[in-house]
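Biologist: Hello! Could you help me learn to read a structure, one feature at a time?

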Amino acid sequence: MEEDSTNYANAEFLARFKELFNRTEDQSGDQDNVSSSQNLDDQSVRFSTSLNPNTIWAWPVLRNEESLPGTNGQQNGTSYPALSLPDPYSQETGMDYSVQIKLMKPNQMIRMALEFSGSWFLRNALAENNTESTNIIFDGLIGYVLNLAVHPSGCNVLLSLTQVCNVDQLSQIVSNLILPPSRIIQVSLNLTGSKTIRRLIQLLKRSCFIDPVVTALATGFSDLMQDQHGALVIHRCSAQLNSQQNEVLYKAALRPCVALATHMRGCIELNNFINSVSGPYRDHLLHTITDNTVFLSQDPRGNFVIQHILDLQHPVFTKKICIRLQGYYVRLSFQKSGSHVVEKCLNSSDKGFAVVDLVDSKRLAQVALDQFGNYVIQTALKVTQDSDRLLYGYLRKALEPHLEILASHLHGKNVFKLIKDAPPM
């Protein structure tokens, strides 16, 4: 009795999948959509960098789940129940996916991969690790690697395929992704594509294919770092790969780092990248950025990168920044973004450069009365009082002639209060 029930379930399953394939073919004939792999190409199914990467997978020819059996969709007034697919590992059903794979036509493979239940079927077929089934699936999908990479269901099929295919097949998959390099850059800028590439990096990190993948990503380093999805791919490389594997990325970061520092998202991602860089290339990168200290300190976004480097408390680069800003501390103190950099310098071990520059400028009172500058003077008084009494005395002596003006000014009274409440020298 139980065996009859199992055979009935298998027969019903096979019948539903045959209906799915036949219906797919009927739709292709009625709508002149796709009847062969060549027609799929003609209908712009293949990847196109001229299209928005976030809408690549949603083309009508490929995204027609509602008209397929097993998706609770309707067409021509007919409602189809959801497919109940058997567990391939269940001994009760005894499902042999290799038999079903052999019955599939080449142009049906991509349709299955881009449909939820179809991708489930293909992944389970690949999980059987049957060489013949793997070869058939590979032959049916190799021309559509980029479509799969950016599709929510197709990406899982692609990643499952990379885990069971042989070296030659994996080489073809990687080649389709990275040649030309603009392909993998475009995929990485896509929400689903970014996840696919990150998981691919995880799978390939111990193989010989990781180097060409990282090299291709390095060609679009600037574009990736300015995008929320692309930056995650770069950070995955930094986190999962060693310094030798990431060397090409470190070199690629040197040229655009200053431009990235002035970009709304680029400045954030650059700070994260600095944290992950190791070895001599980190010093090279920091030297390139700090060579532009004056420019970046006055930039609304670049100042965050300079502040981040100061937060690293690296003695070489902290001193370099403080020295390069000599002659500019007063100007920066009048700016919203620049005043934050000056305060960071005052909180560093090389605060003397900033204090001396402010006092010697003869504009100390104007800075103390400014809406941003008064915070700089307050910070200078607090840090020198605690750590350097000589500098504190030098600064306080320069402010004392202006106490009367400071006491009656909206911003200056904060500085006056600090001096008044301080213990006598």
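Biologist: Which residues does His-263 touch, not counting residues up to four places away in sequence?

Modeller: Happy to help, and please keep in mind that this is a predicted model. Leaving out those sequence neighbours, His-263 touches Gln-226 and Arg-301. Its side chain also reaches the backbone nitrogen of Gly-266, at 3.0 Å.

Biologist: Where does His-263 sit in the chain?

Modeller: Look in the loop between α16 (257-261) and α17 (266-276). You can also compare positions along the chain with positions in space: His-263 and Asp-299 are 36 residues apart in sequence, and their C-alpha atoms are separated by 9.9 Å.

Biologist: Is His-263 buried, partly exposed or exposed, and why?

Modeller: Buried means under 20% relative accessible area and exposed means over 50%. His-263 has 26%, so it counts as partly exposed. Now try His-229, in helix α14 (residues 228-240). His-229 has a relative accessible area of 14%, so it is buried. Beyond four places in sequence, the residues that His-229 touches are Ser-188, Leu-189, Asn-190, Leu-191 and Ser-194.

Biologist: What about the largest nonpolar core: how many residues does it have?

Modeller: In soluble globular proteins, nonpolar side chains tend to be buried together. Here the largest nonpolar core has 107 residues, and those with the most contacts inside it include Phe-221 and Phe-273. Helix α12 (residues 210-218) gives the most to this core, with 6 residues.

Biologist: Which residues is Phe-221 in contact with, leaving aside its neighbours within four places in sequence?

Modeller: Phe-221 is in contact with Ile-234, Leu-249, Ala-252, Ala-253, Pro-256, Leu-260 and Phe-273.

Terms used: Residues are numbered from 1 along each chain as its sequence is written. This is a predicted model: local features need pLDDT of at least 70, side-chain atom pairs count only at pLDDT 80 or more; totals for chains, interfaces and linings use all residues. Side-chain values use heavy atoms; hydrogens and water are left out. A nonpolar core is a set of buried Ala, Val, Leu, Ile, Met, Phe, Trp, Tyr and Cys residues joined through side-chain atoms within 4.5 Å. Buried means under 20% relative accessible area, exposed over 50%, partly exposed in between (1.4 Å probe, protein chains only). Helices (H or I, at least four residues) and strands (E, at least two) are DSSP runs, numbered from the N terminus. Contact means heavy atoms within 4.5 Å. A polar contact is a pair of N or O atoms within 3.5 Å; within protein, one must be able to donate a hydrogen and the other to accept it, and residues adjacent in sequence count only if both atoms are side-chain atoms.
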